[in-house]
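Biologist: Please take a single part of this model and go through it closely, with its neighbours and its place in the whole. Give the cut-offs for the terms as you go.

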Amino acid sequence: MKQIVIALMLCLGVGTAYAQDDVPVYSSTGKPVRDGKVAGRKQKGFDASRLIFGGGFGFGFGNVTNINIAPAVGYRISDRFSAGIGMGYQYVRVKNYYPVFDASYNTVYRPFTANVYSPSLWTRYILWNNVFAHIEYEHNFMSFKEYYNNYTVSNDILTRNVNYSAPSILVGGGIRQPISDRVSIIFQGLYDILQDKNSPYRGTIAFRFGILAGF
């Protein structure tokens with residue numbers, strides 16, 4: 001919990017500091033925006049042109065099926081700093097995952113099928129040109145069906161529903177490739193510094209691909 005509080009304070013602190021930047025306004029292509037206003041002068045109040053929306057997606061098929069989608073929405077607090085929220089979903093299926101015995105004591109296999117929901121809070125800061133740093137707090141909720149034998153109860157294959165959750169603080173960075181003045185493709189690599197035993201990112205680096213408008 002202490003690590004989570006520190007990470008959220010860091011996100012807020014970075015946002016407060018960089019929201020004061022007085023830098024020229026650039027579009028996602030890196031070109032100065034000239035709309036009759038003095039470059040670098042920030043509009044007071046809510047500015048719809050600073051909204052960010054889009055998300056990432058991915059899929060894989062074979063012995064392991066993985067389909068994921070992660071919509072996100074945010075706001076450019078300054079020309080370099082942005083923050084927002086997201087909601088990720090993953091469907092995972094692994095063939096022949098559980099070896100169990102049927103009533104005749106023959107080995108049969110059942111799949112592992114899981115649903116993972118991951119609400120998140122994220123911040124980004126553009127370090128240079130199209131290179132950015134990223135910090136994200138994500139909480140993962142997983143549910144799946146487990147197959148097992150318990151012959152003291154029944155000769156049948158039994159099932160039970162399993163649920164658990166795991167917090168993650170993802171730190172890293174990425175690059176963006178503008179495809180228009182408002183839309184960019186982004187690629188990023190993130191590492192979970194909490195490494196909770198149930199984290200889907202334990203012992204790995206999370207690579208993400210997505211499309212965002214306004215960033």
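Modeller: What follows covers strand β7, then another run of strands, then the totals.

This is a predicted model, in which local features need pLDDT of at least 70 and side-chain atom pairs count only at pLDDT 80 or more, while totals for chains, interfaces and linings use all residues. Residues are numbered from 1 along each chain as its sequence is written, and side-chain values use heavy atoms, with hydrogens and water left out.

Strand β7 spans residues 183-192. Strands here are DSSP runs of E with at least two residues, helices are runs of H or I with at least four, and both are numbered from the N terminus. The covered face of β7 carries Ser-184, Ile-186, Gln-188, Leu-190 and Asp-192. On the uncovered face are Val-183, Ile-185, Phe-187, Gly-189 and Tyr-191. In a regular strand, side chains alternate between the two faces of the sheet.

β7 has pairing partners in β6 and β8; two strands pair if DSSP finds at least two bridges between them. Strand β6 (residues 157-178) runs antiparallel to β7, and nine bridges join them. One of these links Gly-173 to Gly-189 of β7, a residue of the uncovered face. The connection from β6 to β7 is a hairpin of four residues. Strand β8 (residues 205-213) is also antiparallel to β7, again with nine bridges. There, Tyr-191 has Ile-205 of β8 as its bridge partner, and Tyr-191 also belongs to the uncovered face.

Antiparallel pairing is also found in β1, β2 and β3. Strand β1 (residues 51-60) pairs with strand β2 (residues 64-76) over 10 bridges in the antiparallel sense, with Leu-51 opposite Tyr-75 of β2. Three residues separate the two strands in a hairpin, and Gly-62 in that turn has a positive phi of about 140°. β2 is in turn joined to antiparallel strand β3 (residues 81-101) by 11 bridges, with Ile-67 bridged to Tyr-91 of β3. The hairpin between β2 and β3 has four residues.

The protein has one helix and eight strands, in the order α-β-β-β-β-β-β-β-β from the N terminus. Of its 215 residues, 35% are buried, where buried means under 20% relative accessible area with a 1.4 Å probe, counting protein chains only. The exposed surface is about 12,600 Å², of which carbon and sulfur atoms supply 61%; areas come from the Shrake-Rupley method with a 1.4 Å probe. Among contacts (heavy atoms within 4.5 Å) with a separation of 6 or more, 56% are between residues 24 or more positions apart.

Technical notes
Buried means under 20% relative accessible area, exposed over 50%, partly exposed in between (1.4 Å probe, protein chains only).
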